[in-house]
Amino acid sequence: MISGEKSSMPQLFCRWCQVEFTVPYEQSANFIVTGGSCTSCSNQFSMSNSTTTIRALVEAIDAPILVLQSDPRQVYTANQRACELFDKDISQIEGFRGGQVFNCIHSFTELGCGKDVNCEDCKIKGAIVDTFNTGNSFTNVKRTLDVKKAEKTAPYLLEISTEKIGNLALVRINKYQ
């Protein structure tokens with residue numbers, strides 16, 4: 001390799017099993033949330049029908065993580081860091097739409113999260129939908145949400161990053177304040 005030239009096959013270490021693997025350089029840019037996972041672990045993650053298995057895998061990521069399914073676009077599971085961040089039990093997260101987990105006021109309207117007119121231009125929703133549709137990852141997508149907590153509404157800055165693994169999307173919560 002010529003000095004200063006980018007390698008077309010970067011060496012990565014799997015987030016879960018720590019095995020070294022290579023991927024084409026252009027694919028490595030999609031490992032925004034996990035930092036990379038080998039084919040075997042990615043297959044295990046995406047093929048697992050066990051919430052417990054998937055939760056165990058995302059516990060290895062040192063950040064709040066929501067795992068979303070595409071249809072319906074709801075939280076499949078989350079790691080303990082996400083439960084702590086939102087001050088919710090896992091039963092208050094699994095099966096709910098993202099806005100409901102974030103306590104976005106638009107998720108409580110008649111149409112609900114993602115369907116309310118105020119959701120049409122939401123960058124968070126757009127990044128997640130695009131991740132499902134194209135497989136592209138997004139980093140540091142920001143949106144200020146009106147969040148309802150303890151009967152009070154206040155603006156919260158939400159910043160996320162996304163990554164698709166199999167038919168699921170990982171949503172890393174970078175900021176929620």
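## The β5-β6 pair

In this predicted model, strands β5 and β6 (residues 152-165) run antiparallel and are joined by 10 bridges. Within that pairing, Val 147 sits opposite Ala 154 of β6.

## How the sheet is laid out

Zooming out, β5 and β6 belong to an open sheet of five strands, ordered β4-β3-β7-β6-β5, with antiparallel pairing. The edges are taken by β4 and β5 (138-149); each has a single partner strand, so one side of each lacks a neighbour in the sheet. Averaged over the sheet, and ignoring direction, neighbouring strands are turned by 35 degrees against each other.

What holds strands like these together? Strands of a sheet pair through backbone hydrogen bonds, in either a parallel or an antiparallel way.

## Around β3

Now for the other end of the order. Strand β3 (residues 65-70) pairs with β7 (residues 168-176) in the antiparallel sense, over five bridges. One residue pair to look at here is Leu 66, whose bridge partner in β7 is Val 171.

β3 also runs antiparallel to β4 (residues 73-78), again with five bridges joining the two. Gln 69 has Gln 74 of β4 as its bridge partner. How many residues lie between β3 and β4 in their hairpin? Just two residues separate these strands.

## Helices against the sheet

Two helices come into the picture as well. Helix α2 (residues 39-47) packs on the sheet and touches β3, β6 and β7. Its direction makes about 125 degrees with that of β6.

Helix α3 (residues 51-58) lies across β3, β4 and β7, and runs at about 70 degrees to β4.

Methods
Residues are numbered from 1 along each chain as its sequence is written. This is a predicted model: local features need pLDDT of at least 70, side-chain atom pairs count only at pLDDT 80 or more; totals for chains, interfaces and linings use all residues. Side-chain values use heavy atoms; hydrogens and water are left out. Two strands pair if DSSP finds at least two bridges between them. Helices (H or I, at least four residues) and strands (E, at least two) are DSSP runs, numbered from the N terminus. Axes are lines fitted to C-alpha atoms, for helices over the stretch in contact, and angles run from 0 to 180 degrees between N-to-C directions. Contact means heavy atoms within 4.5 Å.
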